[in-house]
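Trainee: I am new to this structure and would be grateful for a close look at a single part of it. Please take me through that part step by step.

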Number of protein chains: 4
Amino acid sequence: MAGNSFGQLFRITTFGESHGEAIGVIIDGCPPRLAVDEAFIQGELDKRKPGQSRITTQRQESDEFRILSGVFEGRSTGTPIMLLIPNADQRSKDYDHNKDSFRPSHADYTYQAKYGIRDHRGGGRSSARETAARVAAGAVAKLLLKQQGIEVFAHVSGVGSLEAPETDVTNIDTATAIREQNLVRCADPEMAATMTTYIDEVRKAGDTVGGRISCLVRNCPPGLGDPVFDKLHADLGKAMLSINAVHGFEYGSGFKGSEMNGSDHNDLFVPSPGENGVKTQTNYSGGIQGGISNGMDITFKVAFKPVATIMQSQPTIDKSGNDTEIKGKGRHDPCVVPRAVAIVEAMAALVIADHFLRNKTLSL
Amino acid sequence: MAGNSFGQLFRITTFGESHGEAIGVIIDGCPPRLAVDEAFIQGELDKRKPGQSRITTQRQESDEFRILSGVFEGRSTGTPIMLLIPNADQRSKDYDHNKDSFRPSHADYTYQAKYGIRDHRGGGRSSARETAARVAAGAVAKLLLKQQGIEVFAHVSGVGSLEAPETDVTNIDTATAIREQNLVRCADPEMAATMTTYIDEVRKAGDTVGGRISCLVRNCPPGLGDPVFDKLHADLGKAMLSINAVHGFEYGSGFKGSEMNGSDHNDLFVPSPGENGVKTQTNYSGGIQGGISNGMDITFKVAFKPVATIMQSQPTIDKSGNDTEIKGKGRHDPCVVPRAVAIVEAMAALVIADHFLRNKTLSL
Amino acid sequence: MAGNSFGQLFRITTFGESHGEAIGVIIDGCPPRLAVDEAFIQGELDKRKPGQSRITTQRQESDEFRILSGVFEGRSTGTPIMLLIPNADQRSKDYDHNKDSFRPSHADYTYQAKYGIRDHRGGGRSSARETAARVAAGAVAKLLLKQQGIEVFAHVSGVGSLEAPETDVTNIDTATAIREQNLVRCADPEMAATMTTYIDEVRKAGDTVGGRISCLVRNCPPGLGDPVFDKLHADLGKAMLSINAVHGFEYGSGFKGSEMNGSDHNDLFVPSPGENGVKTQTNYSGGIQGGISNGMDITFKVAFKPVATIMQSQPTIDKSGNDTEIKGKGRHDPCVVPRAVAIVEAMAALVIADHFLRNKTLSL
Amino acid sequence: MAGNSFGQLFRITTFGESHGEAIGVIIDGCPPRLAVDEAFIQGELDKRKPGQSRITTQRQESDEFRILSGVFEGRSTGTPIMLLIPNADQRSKDYDHNKDSFRPSHADYTYQAKYGIRDHRGGGRSSARETAARVAAGAVAKLLLKQQGIEVFAHVSGVGSLEAPETDVTNIDTATAIREQNLVRCADPEMAATMTTYIDEVRKAGDTVGGRISCLVRNCPPGLGDPVFDKLHADLGKAMLSINAVHGFEYGSGFKGSEMNGSDHNDLFVPSPGENGVKTQTNYSGGIQGGISNGMDITFKVAFKPVATIMQSQPTIDKSGNDTEIKGKGRHDPCVVPRAVAIVEAMAALVIADHFLRNKTLSL
């Protein structure tokens, strides 16, 4: 209950600090006989890893992982899968400045207040480095979903006040080809170029900027989600809100939908020759009704605040409560969303995989 | 794991269908020797109950509750507290129309798809009637928080495209006096009148409209929240998203914060003579940093879609996948947010109480 | 986490005190479309209810139950099933003697020490009356198991130093016909008569005596149980040890097996034409190997201490720590095992049903 | 829920196979600022490690561990503690014989039946090697308990039909000095010599023998344990039954207590000048009443079956269900109890630490 586990039947527990020996994750509940494609997992980690381009942090981490248990001759055995990611490029001295002072809008103060002790180096446990473990575990969840024909796709739909055009979600090219051709990971190439230029400017000014990621789950069968508390969108929401820097979550029509009338917002059912025999004309429900998937595309959006570490001097206080100044050191992202696409997909895959297994228990 | 429990140490499990004999809740983990004020609990239920005014559903439920266990001579005993709320004013025949057809944007289809059976009367388990049990349990959580000096306050900040002015959160009168003087439960009396008029129009047109609720938690001590997954705002988000009709959640600066630069967004620490010795100049963090409360006001906003049942005829399909028509029957709210204020407060209180107890386990 | 829930996927939460308005249970996770046979459930409750015969307590409880939710037109809907059992024949004044004093070997002292408050009437929450809720929930689990062809059978195999002959478990008549023909619920009619006479003597002397119950699960498929902690026998052990008055649990060869050599104890596999294709020559493993069922009969034994309430005066202390005397009042069993047979079967059914559902999640 | 986690607030998750790269454990919930004494942890592992003496397996494992996270400058930080134990002396070829055949009374068959795949080398996940991770985590729990003055002590009280004299539990020398002076880890030196001789004979005959371990928890405060399901002895029972080869558990008077009368069995309260103000004249309750500790010594006993691997040829079947022969290879213990003393203590410490933290949540 101490907060480092997520999921019920496809359950992960992560560990590790930014500047410790390693981070990692145990997956408990992966079904047996799944082919565990290590190259695929590495590919997912590479999308999140630092040092990818000029608009991400320059910390160099190879983020190579090792499987220590749970896989035998390339297949899962049903026992815990342990994925270890050693830390490589720590520069702990970069963090002497926050040993006794609290960086603004970071977790330095709250960790100190809660635990009375903290590993300050690189933010310790509060560092987004922990999310590499999530991406590794999420990659295994994705392999499970792929086997079932379920696809998870996210892209950067907003940076600062820039917003990608509202492409019809059913027409987005989720082959990731377009998205991966630009540094910012936006599915709209034109907007991607604008965003990249903007992030570059922000970076040069020693500042940072927030952004938004939109996510789509395709071919999810009806029936996933467990009312009344473990509604599918409630678990997706918790998953996203648990990612560093996330300040908002909406699914389907979201906040804009709360401005609409029911007569416009209702998704009318129409017969469909496809597998489930039914679809809806519109999809304001975001593929989820009453907390349960209805077979339509699942859609949601996640808001990330600007990175707190800026290359400018700011007033703050030290441990004793005295005034002091602090300036960002270390290597940091000017905008977190390009790398966070992999994290959003990973957490979505973990939620869908978990509820996929939970739903199976009822098929007596 | 079947989804009807919430919380870890202050844990609730709800049961009941809209037109069954009763609904109710078991609270497991309420600390012993808490004075259980039944009049207070009834008062909370009254804020959520149907039939309060012309802008809410006309279903008449007294929503009187009985405590069946866990309280002895007015105080909690540390054993499970069972709160029973008998159903009174069911008119099940009002629901023959959705026995074999699926109401648009309701849970009729997904429950049928998931379970292969459903109690269609009044929406069965998917009815928002279930939230009465949450309000009852939340009232007990509020009693616990009051004892600790922690206050939870919500109000309607938006209806359709109407938006209450951005009152400085630290100046909102949370005595509930103003809010309770208007039908819509908005803390701004002028906007409340505008909203009421608008909802009335929508109702007369046989339509419905969505809205937004803003919530504030005051005097929450630093240290609540359990990274990396059970961050305080992640659990608040899940709690809110589990409420019927909720489509979005944001805390602190929320979606707007994702458009900002770090140099503007950072909350600078300043010495404070108060209990915690520190506060922040601004509060874009919404009282939570790194998933842990920092002692500032906790602030978040919740978006509700328009009620799906409208008094207009709509095309849909029946169980066999054939085209048919359906028109809203039964008694329904034109806008859910005035009654949902009590639900938002209840769920917030449950999350804060749970993390308050979780935090205490570490104080060795 | 407060201890009143049991099971993961077939999960129960019980509530209620001995002299409160009612006791009951919520089942969360019962698969949908199960025919819920109310007469069967009542029959199970009748086997546990007080006042059955001269060798049980004379408290009269009809133990009639009502289903408040989760069942529609006779079938489970997949939503929480709430079973309510009103209390009827309380005589709370019988318990004034333990309001301020601690009955020896009861839970009066420890509840007071833990919670600082207790409902002393009839032992409050610590009363074995709570087990009626388990029997009701266990009856639903049995209906699920019956549908799968799995059978649970328990009987009294020991009273004091009397021990039923070691009948070959595969030959026990589990039709319950023989067991139910004698007051003590022993499958051996001759020994049953001896036991009944002995309990009668003990009762007349104002004393009590302990006993043992043996249990058998037939037709359990291989594969149930989740190493390394949720081994099938570990969950059965916890289930049994959670029953009032239980002081010991063993499965298969049990304590006697710990005196044997490996060459004698090993269960040799032999081909079997039956469903699983394999059986073992002996069954010292009690149907479980490595924590997972192997398809053989599951066998275990449970030891109950003598009832603590005796009709004799005993020295004790009061709340202030002063010497005093206490004598059993109220209506109590001279020996608990005849009525506990229903409880053992119920808890076994709950464990097997839970692991049956857990095992299904892996069948991708 | 897949079975590889144990505990609620002091929660462990183990991973690893016998012949994989490493085994290990994550502790989630260890309170912050605990001094983590690595030498003490190593000392505990050394008591369990193979190759200690002629009466244990000759597999050589140094069982050296590394702490990968959760400890900063020698103290716990409140974040997950990861303990890694690399595997060293695997001889996987020793296990070709059970690749396609099922060893009698091992988990080969049930793992194959449940998962459809298994790592056969050294028994894979079903190997008792996994318990090294438990001992490491239990050592951290012991450090927490030591800080609170709570002591856990176990010793071998039975081997085959040999039984250590019923020493008055309050007089056992728990300084471990005596126990550690003999190979068998019995607190009675004379019986220890007899047991050692007997195990030696069994070993030379290529056979194995079962045994029993008695455990004592001293200075446990009243109030630990959470009725009605998470009774302290129920959680202890589950913990012990989850250890490889355990077939029985009893606490306090145990199975023998079930032969007694209530008038003899009741533990009479007497005033005590000590901290809790009360004690009992006898301790048939084993320090636990109604599932809650009463401040007296907690006592229980655990029965281990004989090790299944014997150095004799035995008939069995192969994967295709055909008759074959199998003979023990690899390096195995003739009797498991001398090394299992450390495991029993570790699991007991984990249960007590967990309930110690759970109890603290109520001290409002």
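Trainee: Which residue stands opposite D:Arg11 in strand 3 of chain D?

Mentor: In this predicted model, the residue opposite D:Arg11 is D:Asp28 of strand 3 of chain D. That strand covers residues 22-28, and D:Arg11 belongs to strand 2 of chain D, which spans residues 11-15. Strands 2 and 3 of chain D run antiparallel and are joined by five bridges. Together they form a hairpin with six residues between the strands. In this hairpin D:Gly16 adopts a positive phi, near 115 degrees.

Strand 3 of chain D also pairs with strand 7 of chain D, residues 81-86. This pairing is likewise antiparallel, with six bridges joining the two strands. Within it, D:Ile23 is placed opposite D:Ile85 of strand 7 of chain D.

The surroundings of strand 3 of chain D can be described residue by residue. The strand is mostly covered, with seven of its seven residues buried. D:Ala22, D:Gly24, D:Ile26 and D:Asp28 point one way from the strand, while D:Ile23, D:Val25 and D:Ile27 point the other way. The residues on both of these sides are buried. D:Asp28, the partner of D:Arg11, is thus placed among the buried residues that point the way of D:Ala22, whereas D:Ile23, which stands opposite D:Ile85, points the other way.

How values were computed. Residues are numbered from 1 along each chain as its sequence is written. Chains are lettered from A and ligands numbered from 1 in the order in which they are written. This is a predicted model: local features need pLDDT of at least 70, side-chain atom pairs count only at pLDDT 80 or more; totals for chains, interfaces and linings use all residues. Side-chain values use heavy atoms; hydrogens and water are left out. Buried means under 20% relative accessible area, exposed over 50%, partly exposed in between (1.4 Å probe, protein chains only). Helices (H or I, at least four residues) and strands (E, at least two) are DSSP runs, numbered from the N terminus. Two strands pair if DSSP finds at least two bridges between them.
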